[in-house]
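User: Please zoom in on one helix and the residue right behind it, then work outward to the rest of the fold and the metal site. Keep it informal, but spell out your cut-offs.

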Amino acid sequence: MDVPSLQVKSSKHTYPIIVRPGCRTSLYDYLVQYLDGASRYFLITDDQVASLYLEEIESSFPNSEKIKSYILPSGEQSKSMNQYEKAITAALEFKLDRKSVIIAVGGGVVGDLGGFVASTYMRGIRYVQVPTTLLAHDSSVGGKVGINHPLGKNMIGSFHPPSLVLYDPECLLSLPPKEWRSGFAEVIKHGFIADREFLKWLTEEISSFDQVDMALLTEMLIRSIKVKAKIVQEDEQESGIRAFLNFGHTLGHAIEGEMGYGKLTHGEAVAIGMKFALRLSERYFQTKLDYEPYLSVMEKLGYELDIPHNLNVEQLIHRMKLDKKSYNQVINFVLLEQIGKATLVEIKEEILIDELTGKVG
Ligand code: NAD
Ligand code: MG
């Protein structure tokens with residue numbers, strides 16, 4: 001059948017990523033081709049995705065007794081201990097065994113929860129990522145899976161790489177513009193940190209999220225995933241360069257937290273963080289990065305790139321000190337030496353205050 005779009009090496013195994021318009025309707029054939037001897041399939045999805053795509057996917061299975069679908073409420077609150085336990089219970093009741101396979105069909109929420117169920121069920125079984133959001137081109141690759149704790153996001157989790165990623169870009173056509181923006185910020189990020197040519201191509205080719213050409217979308221996804229895949233292959237457990245994927249996220253997370261989750265999407269907050277990090281990069285490296293053309297494309301795509309008014313500088317800094325890249329009150333930022341070349345740098349609090357002051361109302 002298809003040749004994989006790319007292969008990702010992990011410490012456990014190498015897994016194929018297939019990006020192909022329409023592949024959801026022959027999902028079963030791909031499973032047979034790429035996964036040996038699966039006894040049963042447990043498909044996890046959310047109610048929104050189910051209403052759009054579940055019937056088509058289920059009907060690709062010749063034997064309905066081998067598959068059970070489990071539907072979560074859509075939204076971040078499903079990445080919870082409660083939903084995790086319920087899913088495990090349903091998996092046990094369906095008598096999944098160690099040769100069974102979990103199929104996570106949805107955005108990052110379903111992928112993270114489904115992957116975490118797979119990583120812990122009977123000490124770990126295989127799973128397949130079937131991303132249906134643009135953001136999930138990021139979350140489905142790299143093997144980080146997990147759920148939230150009431151005291152913090154993604155606080156419970158593990159590294160458990162998928163056995164296959166099967167991405168149907170046609171699914172993205174039903175996403176609302178806000179979700180496009182959320183995922184597209186991570187696409188742009190991949191260009192900024194590692195692939196200037198890709199960034200140029202992207203900002204020349206994509207000027208609207210309406211009627212994106214399927215071939216173009218497929219190419220975009222593959223090129224963006226390649227950046228992420230290369231980084232996680234080199235640093236699976238995030239002891240070094242995987243931190244570059246956090247470009248724009250130090251301030252982005254702080255803004256998300258301060259605004260209250262849900263007001264801005266993750267990518268919209270990261271976009272603000274990227275503009276800030278670009279400015280900081282120019283100051284730190286005493287250089288011109290000529291990033292304005294990229295930001296102006298982002299603005300045309302509907303991003304608000306300035307820090308929202310009325311956010312408190314001290315609070316933002318306090319949150320940045322809690323960032324996973326910060327130790328002993330020192331704030332580390334991913335900055336760009338050049339467009340396409342990231343590095344991790346310690347930034348003094350005074351500089352951050354100076355940069356943030358006047359930018360926040
Ligand atoms: P999501 O899964 O909540 O999806 C966003 C919304 O879009 C949901 O309401 C969903 O029902 C809906 N949806 C999904 N597919 C659709 C489609 N094709 N058409 C219409 N609507 C659709 O959120 P997300 O933005 O995909 O992912 C965010 C999550 O990903 C966060 O929990 C984040 O922590 C996680 N994440 C994980 C990693 C990782 O490496 N594991 C990386 C980045 C983000
Ligand atoms: Mg992110």
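Analyst: Right after H4, Met122 has a positive phi of about 50 degrees. Helices here are DSSP runs of H or I with at least four residues, numbered from the N terminus. Before going on, note that this is a predicted model, where local features need pLDDT of at least 70, side-chain atom pairs count only at pLDDT 80 or more, and totals for chains, interfaces and linings use all residues. Residues are numbered from 1 along each chain as its sequence is written, chains are lettered from A and ligands numbered from 1 in the order in which they are written, and side-chain values use heavy atoms, with hydrogens and water left out.

H4 itself covers residues 108-120, and its 13 residues reach 18 Å from the first C-alpha to the last, close to the expected 18 Å. That expected span is 1.5 Å times one less than the number of residues. Twelve of the 13 residues are buried, so the rest of the structure largely encloses H4. Buried means under 20% relative accessible area, exposed means over 50%, and partly exposed is in between, with a 1.4 Å probe and protein chains only. The buried stretch includes Gly108, Gly111, Gly114 and Gly115, along with Asp112 and Phe116.

Now for a contrast in burial: Met81, in helix H3 (residues 81-93), is partly exposed at 38% relative accessibility. Beyond four places in sequence, Met81 is in contact (heavy atoms within 4.5 Å) with Ile147, Asn148, His149, Pro150 and Ile156.

Next, the packing. The largest nonpolar core has 78 residues, and Leu134, Phe184, Phe192, Met220 and Met320 touch the most other members. Helix H8 (residues 214-234) gives the most to this core, with eleven residues. A core here is a set of buried Ala, Val, Leu, Ile, Met, Phe, Trp, Tyr and Cys residues joined through side-chain atoms within 4.5 Å. Sequence neighbours within four places aside, Met220 contacts Leu134 and Phe184, as well as Val187, Phe198, Trp201, Leu202 and Ile206. There is also a second, separate core of 25 residues, which includes Ile18, Ile57, Ile103 and Cys171.

Finally, the metal. Glu186 (OE), His249 (NE2) and His266 (NE2) are the protein donors of the magnesium ion (ligand 2), 2.0 to 2.2 Å from it. Donors are N, O and S atoms within 2.8 Å of the metal (3.2 Å for Na, K and Ca), and with water not among the atoms, sites may look incomplete. The donor spacing in sequence is E-x62-H-x16-H. Glu186 is in helix H6 (residues 177-194) and His249 in helix H9 (residues 249-259), so the pair ties together parts 63 residues apart in sequence. Glu186 is buried at 1% relative accessibility, and His249 is buried at 6%. Neighbours within four places aside, Glu186 contacts include His249, His266 and Asp138, while those of His249 include Lys189 and Asp323.

An unreviewed UniProt entry annotates Glu186, His249 and His266 as "binding site". They span 81 residues, yet no two of their C-alpha atoms are more than 10.1 Å apart, so they gather at one spot. UniProt positions follow the numbering used here, feature names are shortened, and annotations may be inferred rather than shown by experiment.

Terms used
Helix = DSSP H or I, 4+ residues; strand = E, 2+ residues; numbered from the N terminus.
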